[in-house]
There are 4 protein chains.
Amino acid sequence: MIPRYSRPEMAGLWGPETRFGLMIDVEIAFLEAIAKDKKIPAREIRALRSIKGPYAEAVLEKEKKSAHDVVALLQVVTDKLKRKKAPKVIQYLHYGLTSSDVLDTASALQMARTLDLLIEDWKKTIKAIRNLARRHAHTWMVGRTHGIHAEPTTFGLKAAGWHAEAKRNLARMIRAREECAYGKLSGAVGTYAHVSPALERRVLKKLGLTPESIATQVIPRDRYAGVYGAIVLSACAVERFATEIRHLQRSEVGEAAEPFGKGQKGSSAMPHKRNPVLCENLCGLARLIRGHAVPVLENVALWHERDISHSSVERVAFPDATILLDFMLNRFAGVAERLDVFPERMKKNLDDSLGLVFSQKTLLTLIDKGLGRPAAYDIVQRNAMRTWRERSDFKTELGRDEEVRELLSVRELDHIFDLKNYGKSVAQVLKKEGIL
Amino acid sequence: MIPRYSRPEMAGLWGPETRFGLMIDVEIAFLEAIAKDKKIPAREIRALRSIKGPYAEAVLEKEKKSAHDVVALLQVVTDKLKRKKAPKVIQYLHYGLTSSDVLDTASALQMARTLDLLIEDWKKTIKAIRNLARRHAHTWMVGRTHGIHAEPTTFGLKAAGWHAEAKRNLARMIRAREECAYGKLSGAVGTYAHVSPALERRVLKKLGLTPESIATQVIPRDRYAGVYGAIVLSACAVERFATEIRHLQRSEVGEAAEPFGKGQKGSSAMPHKRNPVLCENLCGLARLIRGHAVPVLENVALWHERDISHSSVERVAFPDATILLDFMLNRFAGVAERLDVFPERMKKNLDDSLGLVFSQKTLLTLIDKGLGRPAAYDIVQRNAMRTWRERSDFKTELGRDEEVRELLSVRELDHIFDLKNYGKSVAQVLKKEGIL
Amino acid sequence: MIPRYSRPEMAGLWGPETRFGLMIDVEIAFLEAIAKDKKIPAREIRALRSIKGPYAEAVLEKEKKSAHDVVALLQVVTDKLKRKKAPKVIQYLHYGLTSSDVLDTASALQMARTLDLLIEDWKKTIKAIRNLARRHAHTWMVGRTHGIHAEPTTFGLKAAGWHAEAKRNLARMIRAREECAYGKLSGAVGTYAHVSPALERRVLKKLGLTPESIATQVIPRDRYAGVYGAIVLSACAVERFATEIRHLQRSEVGEAAEPFGKGQKGSSAMPHKRNPVLCENLCGLARLIRGHAVPVLENVALWHERDISHSSVERVAFPDATILLDFMLNRFAGVAERLDVFPERMKKNLDDSLGLVFSQKTLLTLIDKGLGRPAAYDIVQRNAMRTWRERSDFKTELGRDEEVRELLSVRELDHIFDLKNYGKSVAQVLKKEGIL
Amino acid sequence: MIPRYSRPEMAGLWGPETRFGLMIDVEIAFLEAIAKDKKIPAREIRALRSIKGPYAEAVLEKEKKSAHDVVALLQVVTDKLKRKKAPKVIQYLHYGLTSSDVLDTASALQMARTLDLLIEDWKKTIKAIRNLARRHAHTWMVGRTHGIHAEPTTFGLKAAGWHAEAKRNLARMIRAREECAYGKLSGAVGTYAHVSPALERRVLKKLGLTPESIATQVIPRDRYAGVYGAIVLSACAVERFATEIRHLQRSEVGEAAEPFGKGQKGSSAMPHKRNPVLCENLCGLARLIRGHAVPVLENVALWHERDISHSSVERVAFPDATILLDFMLNRFAGVAERLDVFPERMKKNLDDSLGLVFSQKTLLTLIDKGLGRPAAYDIVQRNAMRTWRERSDFKTELGRDEEVRELLSVRELDHIFDLKNYGKSVAQVLKKEGIL
């Protein structure tokens, strides 16, 4: 991923040194497990553990010849070991393992780490959303369906909806973390020809992984696709939140605005021109993450015990998507934390509906008074129509309507138009969600 | 979905009558919950319950005017009710509900049913795979990576890998069943303005659903996308199994063949022309299901409290994908049950590698004898090269090699080339997987 | 595709009878071409031409046995022919052809027809857009970038942008029509083993098709994917136009509204609730069409001389996408024709920017007066800031600014804020586009 | 894109310095066009032309403050200019332009260059394929449908099919080159408020670009998506060719093998283990390119006169896809040039069909002899069945069949089984394709 959309925290986890380090960790764990059986001195394994990178450049050099990255890394490690007097380690390094045993097991470790970071990201984001929802628990605004005013809601409830979706995505991410933490040492075609299931279990346990029940040469790729499913849903969630802010920020709505740097330009000549560029960017990034979803799914159907067509997809899609999502979550958390919210404008927009957002409540009250639904409808409709035509006020029109006056007291009418009645359940919901 | 790829069992669940029936179930459950409060006689609710479809045609007729399907259904129901003397039900039908309360709650019920069927499909498929794996637990064949012979495996182990992937997908499907079983009655913008959370809980419980913690006008669409994630992974699994069979059936491999009808034509003149058309078809269908994955993800970011752009996607993608997957699983279960497997050909192909598939075992045995890895490599390589060049036999060549003769006894050499050594772990793995 | 989104004009082109009819047309054209050589009497060919469908049911019945649709159709045709005394036709029917020769050639004819219809659809849509653009060539409104007011534009220019995009898509569709009009009769693996290139050329010419230069058993599938590329871009164009209308129709903007049926409901109680449901629907349908893009691309890489994995994708994706696009274009043409446009509201929204939309013009004029860009910026910015802070009027503020007064005459200031200056080029552009 | 899949030739075109250089080229072309009118000395423009990068680091630094890359670049350029005494250029730099005028016009130049390189790549690839096809014009092998032996073909004809597809893709690429070469200087919302259409035309002509007929703030994104359509189809073509080679190289087929480096490892112990890793990699890369297709299509529907959601997609998708495709074409050209082809193995595999691949020819000859199709079928079928059952030879069986002996002379039978008859048309086709 290009630096513009990368945070070093995540990008670092995908660096070649991280990867080579993890591959060596797998080799070490394996040597430790066979040490007793193969009489490998603990001192020698310590020697292996003590060798240090960077490996990337040397490996790349060797790979030019062998066209095989695991072979190249082993050569580099062996070269470094020669100076350390560790003949037994050299003899038994990678003994009985196939490259994929090391690669896929290291990948599991690596993916688990990136998911750990995304889990932290979501927690941070959830906190920012929760604070926002709490601050505006009772900030009334108009709820909109189809972009058209519908009924009153509060900005806190809107944000609470994000909160709930964010929590669902956190749960998905945690499940993905479990789904990916599987390793395998079952050899070239998964038959445990050279490493027993028991030995595999021992090595993987040390690494914090579960053995794959049945592998081919590789970990089955539906695991990877399952993990990607959690990543892409997280991106879509951020897209939804960002889309909302873009709408709220448009000139005619003006109910919220994403944070704006002090020296930020482009708008210097047009002070109203505070563009929701961060949120627009988040929408674009979600598209990119969605794009990799299908390639990752195409990777599932490898040929026979494996082909290597999936490798290039994974070298690009997983770093790209996790780096982007990490960036998105951090960017969005920042937006949520420092979002400018304009309650007066929210109030004004709500009022612009002339009270018609209370029409369903009116209808239901009339039905409760014993009116049939069609009769109640007629009353509501004719008053609504008049209100809209004359740009007057729905409550006033109802108050003037003879039929309504007969059925409803002033107090009952007030009750219909009182936001407090909407507020009661909202508060209850926010409490249940842990926001209030 | 076109009839060619539809089974009536699943297609029926998506029919309009099923849908309208579920919508009425939601209305009934709601009326029952408010019956006491609104004094609706039990008799009247029974009257509602007694009305019968078909509704589709009448609804379509009404919808032409109102351009609103829920409104149209309510009109049709009310018309039918008029003959039944149920004034209270007519008065309170849909009272305080918004269309989406009914639609999305009914959708949850509908989707749950389709997932129940897919769960059954997977169970059936798993059983067929298990039997296949069991039958061929010890049928040796060559394992292939990159399409090239690698090491021996058994066909049972291969099928066991499918078994494990199938079980993972069954688990995903069960989780999806849970993920979708959420309803909502929280009204036009999710504020519970007209229906309280407690009432919602009561109604949904009766329907076997959980209340959505925070909804907008609609159930948040990440649930739907989450469900789709399970569907698409299932399709990719079938694609993987089908791809394997296509490979095994090709003329030069000939190790297996999908079942072939007695009168099946096209091949009449060329008896060798038994084409794996069922499995090819399964691969194509997986593509179709993958295709809908992104639209469903694009549905997550609805505008404000909802727009209706998602509706058309859902009207097509969910019936299509579930109908196709149901078809795929049933077709594949049939293929697995009646797959023709040719053990002699498997044996022949394995032998065609001239014993070279045992080269890693040879290498490791030489290392165990104290040889350094490079020295061991040299021995293996020169004998392998000679074997390949002269199309002779690897074991024979090794047996003739002076250096090998010094290091390995005849018995040790036999041991290297004995499939039984590979078989031990395979049996263990198959037992753990519940196949043996 | 479900009836809800199907017009009979397009759906009919995909019906089985249409398809079988085209396949028989191919067989007839072939028989005519070999008639002289094989001594097939013209009368017999006329007999073949005179047989009539419906075929679908009978073919389906036969297909149950043979599992091969071409074989089944030939059987049905032969049965019908038996009553017609046409022994030579029966003898030479399908002589030397492979099923795909007939299928793919018929597909080319079928696809060409669907594209012809889409070409008509685009022409109709272009006309509707042109009329709209013409009507509002000089209807001023605010142009928006990032959803924020930017500079004045006219609604006619906006629609002219649609016009230009529509024309590009029409051109793509015409090119797609050419791209798909290729047939092949080169046999089982494209070697012309039984039919010569010259004979193929003669038959295809009669059908209005070009011979594929090199086919396998089938027409190469990049042609199909190329055609799909035109379809999906058309859908995205409609999505863009529909998205614009959704924005213009939202409560706070209110500049346009899609047509609304007289009896249309849902809004009965809330007269402001005219929801842009047609345009939202168009956006959803575009997602569906995008979804099939990748499966169609996956179809390109068939195995060897062909496998049949593409078939199921094509049976679904092409009917679905063309039926949906036909529906979309007709729906959008209707929206464009009967779009409600509210010029006063456009004017009001434009005015709400307090004249700041003229800030760049101010800046440039000051630079022309010899000011450096930074100095000019300062002047514009301080006046813009004051205007925005005090919700006053930019022109008035500039008029009060000492420095501005020194540099600009009242007339020059008037000139800056005169929409006519923007209008001149707009008219010129619209003329060039053929709108004025 | 990661270095592993990048060639410097293409990666360089996407580097920031290239981009900034092109942006300055646009500014220069504009200044030249207004020089006379605004009295900007030629000397000053030369001064601007003489300033040199690198810009990237300085721009990034400035961008941190302004969050706007064009503004940042202009600041850097202005700073450099200050030392050059070019006050008029400083005054009129970017005069009347909006950022997107420069960005999108520069993008057109940049994209055109990348397409030029891809056009060269395709030409090189076409040449390699042509040579391959020519070398093996008459190398007989079995053609396969559904992975099953069908009829004889030649490897040259197979490669000629690639050739034809490659040429179609070259044509698409050339059309994409035209489609993208559009610039715009029509300002903030495309109204030509500050730059006239005539001036725009003059500037763009100098840059080798055509003016966009109607732009918003930006070039309409269907152009970009159209270009992407050509890129993704090219990738799918390479995937198809690579898939073929993977199949031909599998152990049981062994008809071709991708080039293999001298020191290439992994196979040291198993000389038969020459894995088609290059071609597998090409298949994976095609998936990646397909993945970006949908995001690029989602970019079409920008909001109003533009939002910036498309930008992040384009910053990633276009470099990624063009870099990958450039890599793929070069890699595939290398594979095609140095592909190992094994004619003897092709001959052997062809022979393994026992002559049954000539069954259709037999059938047609019998029909020509006056037999009805069913009668001819019977004869072919019974002989084919016997051949297959007894693993004998189809020609021999036919020669022994009484009924056949009556109908066909030995010479006629020889004729049926003579590959030369297939070869005639093949040669003709290859000539027409420009291969022979």
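## Two helices crossing in chain C

In this predicted model, helix α2 (residues 16-38) of chain C and helix α7 (residues 99-135) of chain C have axes that come within 9 Å and cross at roughly 120°. That angle is why α2(C) counts as oblique to α7(C). As for the hand of it, α2(C) and α7(C) make a right-handed crossing.

Who's doing the touching? From α2(C), the contact is made by C:T18, C:R19, C:L22, C:M23, C:V26 and C:E27. On the α7(C) side, the contact residues are C:V102, C:L103, C:T105, C:A106, C:S107, C:L109, C:Q110 and C:R113. Sort the residues of this α2(C) and α7(C) contact by character and you get 7 nonpolar, 4 polar and 3 charged.

## How chain A divides up

Over in chain A, the domain assignment gives three stretches to keep in mind: domain 1 (3-92), domain 2 (99-348) and domain 3 (356-416). If you're picturing where the ends sit, the C-alpha centres of domain 1 of chain A and domain 3 of chain A lie 77 Å apart.

## Chains A and B as a pair

Give chain B a turn of 180°, with a shift of 0.0 Å along the axis, and it can be laid on chain A with an RMSD of 0.0 Å. So the two chains are related by a two-fold axis. Looking for a landmark? In chain B, the C-alpha nearest the axis belongs to B:G229, 3.2 Å from it.

The contact follows suit: both copies use the same surface, and 100% of the contact residues of chain B recur in chain A.

How values were computed. Residues are numbered from 1 along each chain as its sequence is written. Chains are lettered from A and ligands numbered from 1 in the order in which they are written. This is a predicted model: local features need pLDDT of at least 70, side-chain atom pairs count only at pLDDT 80 or more; totals for chains, interfaces and linings use all residues. Side-chain values use heavy atoms; hydrogens and water are left out. Axes are lines fitted to C-alpha atoms, for helices over the stretch in contact, and angles run from 0 to 180 degrees between N-to-C directions. Helices (H or I, at least four residues) and strands (E, at least two) are DSSP runs, numbered from the N terminus. Angles under 35 degrees count as roughly parallel, over 145 as roughly antiparallel, 65 to 115 as roughly perpendicular and the rest as oblique. A crossing is left-handed if the near helix is turned anticlockwise from the far one by less than a right angle, and right-handed if clockwise. Contact means heavy atoms within 4.5 Å. Ala, Val, Leu, Ile, Met, Phe, Trp, Tyr, Cys and Pro count as nonpolar, Asp, Glu, Lys and Arg as charged, and the others, Gly among them, as polar. Domain bounds come from an automatic or database domain assignment. Copies are superposed by least squares on the C-alpha atoms of residues with pLDDT of at least 70 in both.
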